[in-house]
Amino acid sequence: RWRTSTDGAIRFNRNFARIGVGRITRSSRTSNPQEFQRRDGILTKLAESGQIEALRAFRDGRLTIEQLVEADREQRLRSSDLLGLLTIQQPLWKAVATTLPKMGMSQATRTRYEVSLDALRKKAVAFLSERSVVSDLERVPWTELRKVWGCSPADWNHLRRAVSTFLSTLLGDKYHPFRRLVVKRIPITPEVERVPDVTPEVFWTIMDHTPERYRAFYVAL
């Protein structure tokens, strides 16, 4: 018998253990039996065409059934990069929020990435809206954005690294063609080395008044 979710939608109950995916028990997001059968058939198509990573992503909630329905409508279920194509159609800022905790080896690094991507959200409103999807990063005129960025060359290069890490983490591959395409379009700005014009005594006095979570950045510099 079909099981339904709290919203009345019929739930999938498919076991793909034979191909290394395991059981999928997600909502089909429809209460119509005929539409459910069509959506259930999409999972069968994915299994038959060897789209194991896409099935795993759907099982884990990284893909929605609506994305798979759209891919089926456009006859893209057999695409060799189906998962990548669907991933870059996700809402951009939602993807950033869910990916940030996985970026970087330390909390300090993740904080730096968060600062850069938050600045991008605020300063690139002429190119990226709240409704943008990940693939819109390809259409950003990065050279033009650099001219109005308004911060140091180092800050801009931090942004470039943040976008690069975001895409490699999201797509699971630092060599993914889309990630390489976007990063290649973001110019690197030469950084000018500067010798601090403060004495060690003044520096440590400043550190005494700096929040502890930021001190490591200043000391490293």
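What radius of gyration does the protein have, and what would a compact globule of 221 residues have? In this predicted model, the protein has a radius of gyration of 22 Å, whereas a compact globule of 221 residues would have one near 17 Å. The extent of the C-alpha trace can be set beside that value, for along its principal axes the trace spans about 75 × 35 × 30 Å.

The secondary structure comes to 11 helices and two strands, and, read from the N terminus on, the elements run β-β-α-α-α-α-α-α-α-α-α-α-α. Of the 221 residues, 38% count as buried, and the protein exposes about 13900 Å², of which carbon and sulfur atoms supply 51%. Among the contacts between residues at least 6 apart in sequence, 55% join residues at least 24 apart. As for charge, the protein has 38 positive and 25 negative charges, and the mean positions of these two groups are 5 Å apart.

One helix can be followed in detail. Helix α6 takes in residues 107-123, and because its 17 residues at 1.5 Å a residue should span 24 Å, the distance of 24 Å between its end C-alpha atoms agrees with what is expected. Its buried residues are Arg-110, Tyr-113, Ser-116, Leu-117, Ala-119 and Leu-120. An α-helix has 3.6 residues a turn, so residues three or four places apart point the same way. What covers the buried residues of α6 includes α5 (92-99), α7 (142-147) and α8 (153-171).

The loops offer further places to look. Gln-90 sits in the loop between α4 (82-87) and α5, and because its relative accessible area is 17%, which falls under the 20% cut-off, this residue counts as buried. Leaving aside residues up to four places away in sequence, Gln-90 touches Arg-62, Gln-67, Ala-95, Ser-132, Val-133, Val-134 and Leu-170.

Two other loop residues are exposed, and each is described here with its backbone angle. Arg-29 lies in the loop between β2 (22-24) and α1 (33-48), where its phi is near 65°, a positive value in a residue other than glycine. Since its relative accessible area of 52% is over the 50% cut-off, Arg-29 counts as exposed. Gln-75, placed in the loop between α3 (65-73) and α4, has a positive phi of about 60° although it is not a glycine, and with a relative accessible area of 73% Gln-75 is exposed as well.

Definitions and conventions
Residues are numbered from 1 along each chain as its sequence is written. This is a predicted model: local features need pLDDT of at least 70, side-chain atom pairs count only at pLDDT 80 or more; totals for chains, interfaces and linings use all residues. Side-chain values use heavy atoms; hydrogens and water are left out. Helices (H or I, at least four residues) and strands (E, at least two) are DSSP runs, numbered from the N terminus. The radius of gyration is taken over C-alpha atoms; the globule rule is 2.2 Å times the number of residues to the power 0.38. Buried means under 20% relative accessible area, exposed over 50%, partly exposed in between (1.4 Å probe, protein chains only). Contact means heavy atoms within 4.5 Å. Accessible areas come from the Shrake-Rupley method with a 1.4 Å probe; for residues, only the protein chains shown count as cover. Lys and Arg count as positive and Asp and Glu as negative; His and the chain ends are not counted. The place of a charge is taken as NZ of Lys, CZ of Arg, CG of Asp or CD of Glu. The expected span of a helix is 1.5 Å times one less than its number of residues.
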